[in-house]
Amino acid sequence: MGTTSRLIKKTPNILQKKLYKVIPFHYRYGKKFKQTLDMLLKSELWSEDILKDHQLKQLRDLLIHCKKNIPYYKHLFKSINFNPLEVTSINDLQLIPVLTKNIIKKEYNSLIANNINTSKLKDICTSGSTG
């Protein structure tokens, strides 16, 4: 959330509604929102091949982040000899074992990325799921 949104939230409700109508999204939600919106608008014009290449790059970047920053995945990738740099298609994800509820319970702390401020993390619970 951008600075503008935080400031708007501090104003009375009746004024908030009016401000939200006149202040553009990129001011309310910050620089990252604007960058993402611009990229999405541009990507609407991309060919299927360019879009697939972009998606594959994003997938590779995510997997590299996991290997570098999340102890569970660093260990897992090493144990199965998985190299994110060698990912050439979405089908390569089949090489990674499915993350189960039991694994999450057992490996909870090692699933937290090293590059985040853990003091800002909050435990939350859901009503659960059957799937």
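Visitor: Is leucine 99 buried, partly exposed or exposed, and what is its relative accessible area?
Guide: The model shown here is predicted, and every value given for it is computed. Residues count as buried under 20% relative accessible area and as exposed over 50%, with partly exposed in between. Leucine 99 falls in the middle class, so it is partly exposed, with a relative accessible area of 33%.

Visitor: Which residues make the nonpolar surface patch that leucine 99 belongs to?
Guide: Leucine 99 has its place in the loop between helix H6, residues 71–79, and helix H7, residues 101–106. The nonpolar patch on the surface has an area of about 250 Å², and its makers are Leu99, Ile104 and Tyr108.

Visitor: What is the phi of asparagine 81?
Guide: Asparagine 81 also has its place in the loop between H6 and H7, and with a relative accessibility of 70% it counts as exposed. Most residues other than glycine have a negative phi. Asparagine 81, although it is not a glycine, has a positive phi of about 55°.

Visitor: How wide an arc do the buried residues of H6 cover around the axis?
Guide: In H6 the buried residues are Tyr72, Tyr73, Leu76 and Phe77. They sit on the same side of H6, because the arc that they cover around the axis is only 120°.

Visitor: Which exposed residues does H6 carry on the face turned away from its buried side?
Guide: The buried residues of H6 have a cover that includes helix H5, residues 48–69, and H7. On the face of H6 that is turned away from the buried side, the exposed residues are Lys74, His75, Lys78 and Ser79.

Visitor: At what angle do the ring planes of tyrosine 72 and tyrosine 73 stand?
Guide: Tyrosine 72 counts as buried at 12% relative accessibility, and tyrosine 73 counts as buried at 16%. The structure has three aromatic pairs in total. In the pair made by tyrosine 72 and tyrosine 73 the ring centres are 5.0 Å apart, and the arrangement is edge-to-face because the planes stand at 85°.

Visitor: Is the ring pair of phenylalanine 77 and phenylalanine 82 stacked, edge-to-face or tilted?
Guide: Both phenylalanine 77 and phenylalanine 82 are buried, and ring pairs link them with Tyr72 and Tyr73 into a cluster. Planes under 30 degrees apart would count as stacked and planes over 60 as edge-to-face. The rings of phenylalanine 77 and phenylalanine 82 have centres 4.8 Å apart and planes at 55°, so the pair is tilted.

Visitor: Which residues does serine 110 touch, not counting residues up to four places away in sequence?
Guide: Serine 110 has its place in the segment after H7, where at 17% relative accessibility it counts as buried. Leaving aside residues up to four places away in sequence, the residues touched by serine 110 are Ile70, Pro71 and Tyr72.

Visitor: How far apart in space are histidine 75 and serine 110, C-alpha to C-alpha?
Guide: Histidine 75 lies in helix H6 and is exposed, its relative accessible area being 59%. Along the sequence, histidine 75 and serine 110 are 35 residues apart, while in space the distance from C-alpha to C-alpha is 9.6 Å.

Visitor: Which residue forms a salt bridge with aspartate 38?
Guide: Side chains of opposite charge can pair when their charged atoms come close, and the structure holds three salt bridges. Aspartate 38 is partly exposed, at 30% relative accessible area, and lies in helix H4, residues 31–43, about one helical turn from lysine 34, because the two are four residues apart. With the closest N and O atoms 2.9 Å apart, the partner of aspartate 38 in the salt bridge is lysine 34.

Visitor: How far apart are the closest N and O atoms in the salt bridge of glutamate 48 with lysine 52?
Guide: Both residues lie in helix H5, four residues apart, which is about one turn of the helix. Glutamate 48 is exposed at 55% relative accessible area, whereas lysine 52 is partly exposed at 48%. In the salt bridge of glutamate 48 with lysine 52, the distance of the closest N and O atoms is 3.2 Å.

Visitor: What is the N to O distance in the salt bridge of lysine 57 and aspartate 61?
Guide: Lysine 57 and aspartate 61 both belong to helix H5, where they are four residues apart. Lysine 57 is partly exposed at 42% relative accessible area, and aspartate 61 counts as partly exposed at 35%. The side chains of lysine 57 and aspartate 61 meet in a salt bridge whose N to O distance is 2.7 Å.

Notes
Residues numbered from 1 in each chain as written. Predicted model: local features only at pLDDT ≥ 70, side-chain atom pairs only at ≥ 80, totals over all residues. Heavy atoms only, no water. Patch = residues over 30% accessible without salt bridge, like charges linked within 9 Å, V, L, I, M, F, W, Y side chains within 5 Å. Areas by Shrake-Rupley, 256 points an atom, 1.4 Å probe, with all protein chains shown as cover. Salt bridge = Lys/Arg side-chain N within 4 Å of Asp/Glu carboxyl O. Buried < 20%, exposed > 50% of the residue type's maximum accessible area, 1.4 Å probe, protein only. Arc of directions from axis to C-beta. Contact = heavy atoms within 4.5 Å. Phe/Tyr/Trp six-rings, centres within 6.5 Å; stacked < 30°, edge-to-face > 60°.
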